[in-house]
Amino acid sequence: MTTISPPAPRSAWHGLRDALAFRNISAIYIFVVMVVLFSILAPDTFPTVDTVRIILTDQALTAILAIGLVAPLAAGAFDLSIGSQLGLAAIVVAWLLAHQDFGLWTAIAATLAVGVVVGLINGLLIVKAGISSFITTLGMSSVVLAAIAWISDDAQILDLGSDFQQIATYEIFGISTSVYLMLVLGVVVWYVLDNTHLGRVVYATGGNAGAARLSGVRTDVVVVASMVACAVLAAVAGILLSSSLATGDPTVGPGYMLPAFAAVFLGSTQFRNGRFNVLGTVVAVYVLATGVKGLQLAGAPVWIPELFNGVALLLAVAITRLRKSSRRPAA
């Protein structure tokens, strides 16, 4: 009779070695190299407290948008309209405050409700009409851009009030409230995705929707909920953007989409071995931002940020696909 011994327990050393492996936290190692490199290239401007504060504040909105994007991607759906949704929220809240005399919190609540409606339409078109998330959100992006132009008449909206501006610019210990709000939202989304039944069914839907459906998961509800959650966080980022600018600008929004996607895909290569996750996404946002800021302070041309984010997105998607392919069992 042959007995099979149970696998030997992994030692603490092996666990620590895997956790610190380059393939698991490569962004951290790249971040350290960039800090050293740019501190040498721009010693007077890069390694300063002001630069750290600027990067933290400037990227808080991108991080909120990217955190929201984790949910639909984990559920297997794309949302290419997130940048436009951010722009819509930025204009709607400004329009309600300056032209419709809404109170501060009423305008914010109404703007969040608009985000819920947009996310709901996206989700229902995907699950009920059977349109792919890629096509649905690409079309929705154009619809939302048209709505922005109609509401704003293609002009900036001013006079939003000092109270509204304080929402994003008020500082605690020298850090703006946008950064604290980003951290709170990040913890909430991380907890839901990694520690609740809802999070498990989201990942199950994104991993294999057919198998999840056979297991009793209502995948349609999961996809719709993830699209709504993403839209709400895009609306939050839009409100904070208008607050920080003290202006409703109809041209902002689409420019945030590429950095958010680059951060989520790069983040999926960190900590969770190809799985979309909040911690990796936030780390990726600030690693990419550090690279862009360092290049700017070192005197690189103005087109460098677009090139940097585009190359990062391509590399991150390629690495994610390679890791997922390596996990599939051989036929």
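The crossing of α5 and α12 is right-handed, meaning that the near helix is turned clockwise from the far one by less than a right angle. This is a predicted model, in which local features need pLDDT of at least 70, side-chain atom pairs count only at pLDDT 80 or more, and totals for chains, interfaces and linings use all residues. Residues are numbered from 1 along each chain as its sequence is written, and side-chain values use heavy atoms, without hydrogens and water.

The axes of the two helices come within 7 Å and cross at roughly 50°; α5 and α12 are therefore oblique to each other (not under 35 degrees, over 145 or from 65 to 115). Axes are lines fitted to C-alpha atoms over the stretch in contact, with angles from 0 to 180 degrees between N-to-C directions. Helices are DSSP runs (H or I, at least four residues), numbered from the N terminus.

Contact (heavy atoms within 4.5 Å) involves residues of α5, including Ile82, Leu86 and Val93, and residues of α12, including Cys230, Gly238 and Leu241. The contact residues comprise 13 nonpolar, 3 polar and no charged. Here Ala, Val, Leu, Ile, Met, Phe, Trp, Tyr, Cys and Pro count as nonpolar, Asp, Glu, Lys and Arg as charged, and the others, Gly among them, as polar.

Most residues other than glycine have a negative phi. Two loop residues with positive phi are tabulated below.

| Residue | Phi | Loop between |
|---|---|---|
| Asp101 | about 55° | α5 (82–98) and α6 (104–127) |
| Ala246 | about 60° | α12 (219–245) and α13 (257–268) |

Asp101 counts as exposed because its relative accessibility is 68%, whereas Ala246, at 26%, is partly exposed. Buried means under 20% relative accessible area, exposed over 50%, and partly exposed in between (1.4 Å probe, protein chains only).
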